[in-house]
Amino acid sequence: MAAKNLDLRQDFPILNQKVNDEQLVYLDNAATAQRPTAVTDSLVHFYQTDNANVHRGVHTLAERATEDYENARRKVQRFINAAEPEEVIFTKGTTDGLNLVASTYGEANIQAGDEIVISIMEHHSNLIPWQQLAIKKHATLKYIGLTADGELDMADAAEKITDKTKIVAIAHASNVMGVINPLAELAKLAHQHGAIIVGDGAQAVPHLAVDVQALDVDFYAFSGHKMMGPTGIGALYGKRALLEAMPPYQFGGEMIDFVHEQDSTWAQLPYKFEAGTQNIAGAVGLGTAVDYLTNVGMANVEAHEQAIVDYLLPKLVADPDLEVYGPHDPAKHTGVIAFNVKGIHPHDIATALDMEGVAVRAGHHCAQPLMTYLGLVATARASFYLYNTQQDADRLLVALAETKEFFNHGAVKA
Amino acid sequence: MGLSKLNSLYREVILDHADHPRHKHDLENSTNMITLKNPTCGDVINLSIAMDDQDKIADIGFSGDGCTISQSSASMMTDAVMGKDKETALRMAKTFSDMVMGTEHPQADLDELGDAAILSSIMSFPARIKCATLAWWALQRALLEEDAPTDEEEA
């Protein structure tokens, strides 16, 4: 694909600052993205002009706030190509969405002896809810392993997913290995065995065009803050028939149809799953982030990030002092690049890079079973987004070279 | 500024302790043992102490995995408390915690810490304070919970 050079930095005031006297290079996008002015403006606008509680009031502001909130839902629906807006439930984020599925669908459908299949590269948020459900229900939790170059082992997937499998839950894109998993293929496999499939879209929705109907996933959860929306807002997609059959997640205001002294009936979708006053402004901000991404075009976002990976990854891989995790073929690698420098702990790397103004993550990336599987304690991780540039990649390379020099030779002589 | 600022954190003595850690081994006849983890980064320290019958630290050793700061802090800590009685060792742990959080202490207290006092520089790197304190927390816990089981704890 032709590289499209986006130049969006002027939309992100936070990037225009010095950190430790150096121009900031923000490469921790897999943790959280930065917000364009349009998103922060939409929050201010909502609170200063339309703010009211939704779905209740008769007054004008309540009507406007409700319209803003439901517009945001329709934007998200179109963005992931859900069949209807009622299939989009607003959540606190990916973790909340995955917990919702585990504690409602999982609670109602998993029995002793059943199997839940996830992968060894899952983030804790798509691991612990299933692990705890399996413990509670005396079900078995199985892990799909990786190939030698760090991709999901589809041969292993075909063995692990059996007629005993009731739920398959897999990250669409990995927050460590930098791979996109073949979710559509896994969905097919799961459905052949009568299981449902849950996609963790936290690292996918911000970076590539996602079509939940084409993927044929049953549930799909993602966060707003990794796609430039506010924190504390996310969405869960679920197929209508499944959502209809599920018990509510939480009880309280907004989610009821009628409440009697001894029993209650539930609201229609999606409100059955949105108990209490929701993060209305958050939803509005998420809608604006969706607009921003739609304007840029997801194909352009993908091409832009791929061009950076094409440029940077071979240089990192060629460095004999570096170990780069995940596939070394740039065509198979996303803008999430985990690595270690021989002889230097990733925490020391991250501190040194920070002194050069380059923000990266160091740690286990909320994937401790993956770290154990790879025989690692921790890694450094640089992750790119649509406002990063090839110059940012160059700054990382220079800072890494200086860091190696510091720890290996010049440490205290400067 | 770049990496020159790093010199204040990674001082020669700190790098020396990280590259050549003192007492980096598990004791066979320990009286007090603990494993502590820093869940944010995955660093682990196993600390074993042999107390003598006068409640003094007759021997101390550590093992585990961690960054330059945590490894060197553990090395300096074991150097500093070797031969000290329990009360003194606990006081030193308190001094160290206070010092890295910026609380003033008399010079005599800091002198008692030996090389470890140099880690006061960690104050300018707030994200790394936990790396420096992990070993001292382990010391405190190991001394205070001598009857406690030695299973894994998170710091």
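Is Glu86(A) buried, partly exposed or exposed, and at what relative accessibility? I looked this up and found that Glu86(A) counts as partly exposed, at 26% relative accessibility, where buried means under 20% relative accessible area, exposed means over 50% and partly exposed lies in between, with a 1.4 Å probe and protein chains only.

Before going on, I note that this is a predicted model, in which local features need pLDDT of at least 70 and side-chain atom pairs count only at pLDDT 80 or more, while totals for chains, interfaces and linings use all residues. Residues are numbered from 1 along each chain as its sequence is written, chains are lettered from A and ligands numbered from 1 in the order in which they are written, and side-chain values use heavy atoms, with hydrogens and water left out.

**Entry 1: the salt bridges around Arg240(A)**

I searched the whole structure for salt bridges and found 25 over all chains, taking a salt bridge as a side-chain nitrogen of Lys or Arg within 4 Å of a carboxyl oxygen of Asp or Glu. Glu84(A) and Arg240(A) form one of them, with their closest N and O atoms 2.9 Å apart. Glu84(A) lies in the loop between α2 (60-79) and β4 (88-91) of chain A and Arg240(A) in helix α8 of chain A, so this pair ties together parts that are 156 residues apart in sequence; helices (H or I, at least four residues) and strands (E, at least two) are DSSP runs, numbered from the N terminus.

I then turned to Glu86(A), whose side chain meets that of Arg240(A) in a salt bridge of 3.7 Å, N to O. Because Glu86(A) also lies in the loop between α2 and β4 of chain A, and Arg240(A) in helix α8, that pair ties together parts 154 residues apart in sequence. A salt bridge also links Arg240(A) to Glu244(A), the closest N and O atoms being 2.7 Å apart, and these two residues both lie in helix α8 of chain A, 4 residues apart, or about one turn of the helix. Salt bridges that share partners thus join Glu84(A), Glu86(A), Arg240(A) and Glu244(A) into one network. I checked the accessibility of the other members as well: Glu84(A) is partly exposed at 22%, Arg240(A) is partly exposed at 26%, and Glu244(A) is partly exposed at 39%.

**Entry 2: where chain A meets chain B**

I find that chain A and chain B bury about 1,900 Å² between them, 61% of it on carbon and sulfur atoms, buried area being the accessible area (1.4 Å probe) that two parts lose on being put together, summed over both. The contact, meaning heavy atoms within 4.5 Å, takes 22 residues from chain A and 24 residues from chain B.

Between the two chains I count 1 salt bridge, and Arg128(B) forms a salt bridge with Asp348(A), with the closest N and O atoms 2.8 Å apart. On the side of chain A that touches chain B, α11 (346-355) and α13 (390-410) each supply at least two residues, and the largest share, 5 residues, comes from α11(A).

**Entry 3: His17(B)**

I placed His17(B) in helix α2 (residues 12-19) of chain B, where His17(B) is buried, with a relative accessible area of 0%. The side chains of His17(B) and Asp115(B) are joined by a polar contact of 2.8 Å, a polar contact being a pair of N or O atoms within 3.5 Å; within protein, one must be able to donate a hydrogen and the other to accept it, and residues adjacent in sequence count only if both atoms are side-chain atoms. Leaving aside neighbours within four places in sequence, His17(B) is in contact with residues including Arg22(B), Ser72(B) and Asp79(B).

**Entry 4: cysteines**

How many disulfides does a search of the whole structure find over all chains? The search finds 0, a disulfide being a pair of cysteine sulfur atoms within 2.5 Å. The sulfur of Cys67(B) is 3.9 Å from the closest cysteine sulfur, in Cys131(B), which is too far for a bond. I note that Cys67(B) is buried at 1% relative accessible area, and Cys131(B) is buried at 2%.
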